[in-house]
Amino acid sequence: MRAARLIKMVLLLQARPSITGAELARELEVSERTVTRDAAALSEAGIPVYADRGRAGGYRLIGGYRTRLTGLGRTEAEALFLSGVPSALREMGLADAASAARLKVSAALLPELRDASHTVAQRFHLDAPGWWREPEAPELLPDIADAVWDDLRIAVRYRRRDAEVRRELEPYGLVLKAGVWYLAARAEGGFRVYRVDRFAAVEPTGARFARDGEFDLPAFWAERAEQFARSILRERAVVRLTPAGARRLPHVTDRVAAEEAVREAGEPDGQGRLTVTLPVESYEVALAQLLGLGPDAEVLGPPELRELFAEAARRTAELYR
């Protein structure tokens, strides 16, 4: 356990000119006192770790010290080759660069580990797009990926629901979600998310931007995705569910909202039915989703939604009369 931590510490120091004790402690999930002891152990082992004292101090490697990849184990090597998403790399125009990188890593591995790329490819495959949709890479995705990679400002035309707007953006990162590409970019007013397939034009301005070192793409995306999921659930439906309906509810509507609604419901009635208040996107969407539960769900309100279900039931009964 400690050996793996020491190796990770060396790699972190090798990747950055200087890193504070607090940052190392956070990355290694240990205390700053443990970081100090580990740095001393590395120094005693001949690895030139230098500690700068003072408020702005930190740890760094001196003398251009570099470690090699030959310390990788089989599990680590296979995980490295698993980390890529081939279809996404192709769509961004990075397939050749990724292939060259894998070849270089393979050449640096010990001979007995050089089959790692083949063994993992035969065991794990990530198919990002959802079912029943033909994946189509947005035409402008490679241009945006180039700008993201090189920190280049871009002038864009972006299609909104009712108009086309012009913006100048600082493209920070790309996210592939359920087969749809999104761009996280900084514009006037802060960071925003744009669907890549809605860009009508993308032109580099020729100027670079200074990337915010505090920006964390995975954390930013997780926060915005949660906000989006909550923002579209604008209406409320009161629904009485049989035990089977309560179990199936998360499979026909927003899973998190459904599970919270079931948890927060009161005690079941004499027939074991729960009455839940469920956030929904709209009454029309709720109708389409909850009809899938059939007689295991009865909509109690609001009156407009109950009438939609009553009309759907009348029309269905007419079909089968």
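These legends go with close-up views of a predicted model.

**View 1. The chain as a whole.** Before zooming in, here is the overall picture: the protein chain has 13 helices and ten strands. It runs to 321 residues, and 34% of them count as buried. If you take the contacts with a separation of 6 or more, 62% are between residues 24 or more positions apart.

**View 2. Tyr 182 and Trp 221, one of the aromatic pairs.** The structure has ten aromatic pairs. In this one, the ring centres of Tyr 182 and Trp 221 are 5.2 Å apart and the planes sit at 45°, so we call the pair tilted. It ties together distant parts of the chain, with Tyr 182 coming from strand β5 (residues 180–187) and Trp 221 from helix α9 (residues 217–231), 39 residues apart. Tyr 182 and Trp 221 are both buried.

**View 3. A cluster of rings, with an arginine over one of them.** Follow the ring pairs here and you link up Tyr 172, Phe 191, Phe 209, Phe 215 and Phe 220. Within that cluster, Phe 215 and Phe 220 make a tilted pair, 5.3 Å centre to centre with 50° between the planes. Phe 215 and Phe 220 are both buried. Look at Tyr 172 too: the charged end of Arg 211 sits over its ring, 4.7 Å from the centre.

**View 4. Helix α1 against helix α3.** Helix α1 (residues 2–15) packs on helix α3 (residues 32–44) at about 85°, and their axes are 11 Å apart. That angle falls between 65 and 115 degrees, so α1 is roughly perpendicular to α3. On the α1 side, the contact uses Arg 2, Arg 5, Leu 6, Met 9 and Val 10. The α3 side brings Thr 34, Val 35, Arg 37, Asp 38, Ala 39, Ala 41 and Leu 42. Sorted by class, that contact comes out as seven nonpolar, one polar and four charged residues.

**View 5. Glu 32 and its contacts.** Still in helix α3, this view picks out Glu 32. With a relative accessible area of 48%, Glu 32 is partly exposed. Setting aside neighbours within four places in sequence, Glu 32 is in contact with Gly 21, Ala 22 and Ala 25. Glu 32 and Ala 22 are ten residues apart in sequence, with 6.1 Å from C-alpha to C-alpha.

**View 6. Helices α10 and α11.** The axes of α10 (residues 243–252) and α11 (residues 255–263) come within 7 Å and cross at roughly 155°. The two helices are therefore roughly antiparallel. From α10, Ala 246, Leu 249 and Pro 250 meet Arg 255, Ala 258, Glu 259 and Val 262 of α11. The tally for this contact is five nonpolar, no polar and two charged residues.

**View 7. Backbone oddities in three loops.** Most residues other than glycine have a negative phi, and most peptide bonds are trans. Glu 29 goes the other way, with a positive phi near 60°. Glu 29 is in the loop between α2 (21–28) and α3, and at 73% relative accessibility it counts as exposed. Asp 151 also has a positive phi, near 55°, and is found in the loop between α8 (141–150) and β3 (152–159). Then there's the cis peptide bond joining Gly 301 and Pro 302, where omega is about 0°. Pro 302 lies in the loop between β10 (297–301) and α13 (303–320).

Terms used
Residues are numbered from 1 along each chain as its sequence is written. This is a predicted model: local features need pLDDT of at least 70, side-chain atom pairs count only at pLDDT 80 or more; totals for chains, interfaces and linings use all residues. Side-chain values use heavy atoms; hydrogens and water are left out. Rings of Phe, Tyr and Trp (its six-membered ring) pair if their centres lie within 6.5 Å; planes under 30 degrees apart count as stacked, over 60 as edge-to-face and the rest as tilted. Helices (H or I, at least four residues) and strands (E, at least two) are DSSP runs, numbered from the N terminus. Buried means under 20% relative accessible area, exposed over 50%, partly exposed in between (1.4 Å probe, protein chains only). A charge sits over a ring if NZ of Lys or CZ of Arg is within 6 Å of the ring centre and within 35 degrees of the ring normal. Axes are lines fitted to C-alpha atoms, for helices over the stretch in contact, and angles run from 0 to 180 degrees between N-to-C directions. Angles under 35 degrees count as roughly parallel, over 145 as roughly antiparallel, 65 to 115 as roughly perpendicular and the rest as oblique. Contact means heavy atoms within 4.5 Å. Ala, Val, Leu, Ile, Met, Phe, Trp, Tyr, Cys and Pro count as nonpolar, Asp, Glu, Lys and Arg as charged, and the others, Gly among them, as polar.
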